[in-house]
Amino acid sequence: MEHHEILQRIIKNSDKVLFPRIKPLEIKAKYGIPCFSKIQDDFIDRYQRGCRTRSLMERVNSRKFIGRDGKIHSSSFSLNKKARTLLLNDKLHKVSPKCCQYLKKDPFHRYEKETGKKAILGVRQSEGALRKTQYTTCFTKDKKFTPIHDLTNELLDEIYEKYKIEIPKVYKYIERTGCMGCPYGSYKGDTEKELSLINENQRKFVCNYFKESYIVLGIDTKKWDMSNE
């Protein structure tokens, strides 16, 4: 699921490459696929599995919720109108953010247990709203090290220039990469940019894998999905 250029850099520079125990299509069949955002997809996943707790339903039905202090709060982490409408009318495919968990997080959790080492994570607050709340110091609650959590884009560019660090070509077109074609990049138009950058076989797989989410998000699947050719 990684861009070829990124994968080659991983293989070239890593002492050990970690692989998941479960394949993407197995994840899709069992749990569903990403669609709107990690936090919204988690709410959808819980709802589709039958959860109806008050806190969940407040986020499904409205962008306001009752906090622990008993007061009404607004939240940017509630379902958007399209997600809510499709979900409540039972017109939404199986949605889940568990791709990231099984393809990325679980392999390094296993490695931590096997080696007794803690992870050093290259995550930054500027990479997403959720990360701004998750990473506020150099160490997480479970002692993982996040040394660049507050690194700005400006300082990052200075580091690239000063130390002559090679920048993968894909970053000339999109700011961040994850799994190829992930719908989470659709709000900035990055998903379609990625589809134009990968090769035909990769594009065929990605379009088949994320097809239902692409349709919901209005991504031109007929242009890129070649599964019927």
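The exercises below deal with the fold, surface, cysteines and one loop residue of a predicted model.

Local features need pLDDT of at least 70 and side-chain atom pairs count only at pLDDT 80 or more, while totals for chains, interfaces and linings use all residues. Residues are numbered from 1 along each chain as its sequence is written, and side-chain values use heavy atoms, with hydrogens and water left out.

**Exercise 1. State how many helices and strands the protein chain has, and give their order.**

Solution. Start with the rule: helices (H or I, at least four residues) and strands (E, at least two) are DSSP runs, numbered from the N terminus. The protein chain then has 12 helices and 2 strands. Read from the N terminus, the order is α-α-α-α-β-β-α-α-α-α-α-α-α-α.

**Exercise 2. Compare the radius of gyration of the protein chain with that of a compact globule.**

Solution. The radius is taken over C-alpha atoms, and the globule rule is 2.2 Å times the number of residues to the power 0.38. For 229 residues, a compact globule would have a radius near 17 Å. The protein chain has 19 Å, which agrees. As for its extent, the C-alpha trace spans about 55 × 50 × 35 Å along the principal axes.

**Exercise 3. Describe burial and contacts in the protein chain.**

Solution. Buried means under 20% relative accessible area, exposed over 50%, and partly exposed in between (1.4 Å probe, protein chains only). By this measure, 38% of the 229 residues are buried. For contacts (heavy atoms within 4.5 Å), take those between residues at least 6 apart in sequence: 62% of them join residues at least 24 apart.

**Exercise 4. Find the disulfides, then examine Cys35 and Cys99.**

Solution. A disulfide is a pair of cysteine sulfur atoms within 2.5 Å. The structure holds 0 disulfides. For Cys35, the nearest cysteine sulfur belongs to Cys182 and is 10.0 Å away. Cys35 is buried, its relative accessible area being 0%. For Cys99, which is also in no disulfide, the nearest cysteine sulfur is that of Cys179, 6.2 Å away. Cys99 is buried, with a relative accessible area of 5%.

**Exercise 5. Locate Asn89 and say whether it is buried, partly exposed or exposed.**

Solution. Asn89 lies in the loop between helix H5 (81-88) and helix H6 (98-115). Its relative accessible area is 48%, so Asn89 is partly exposed. Asn201 is 112 residues from Asn89 along the chain, and their C-alpha atoms are separated by 35 Å.
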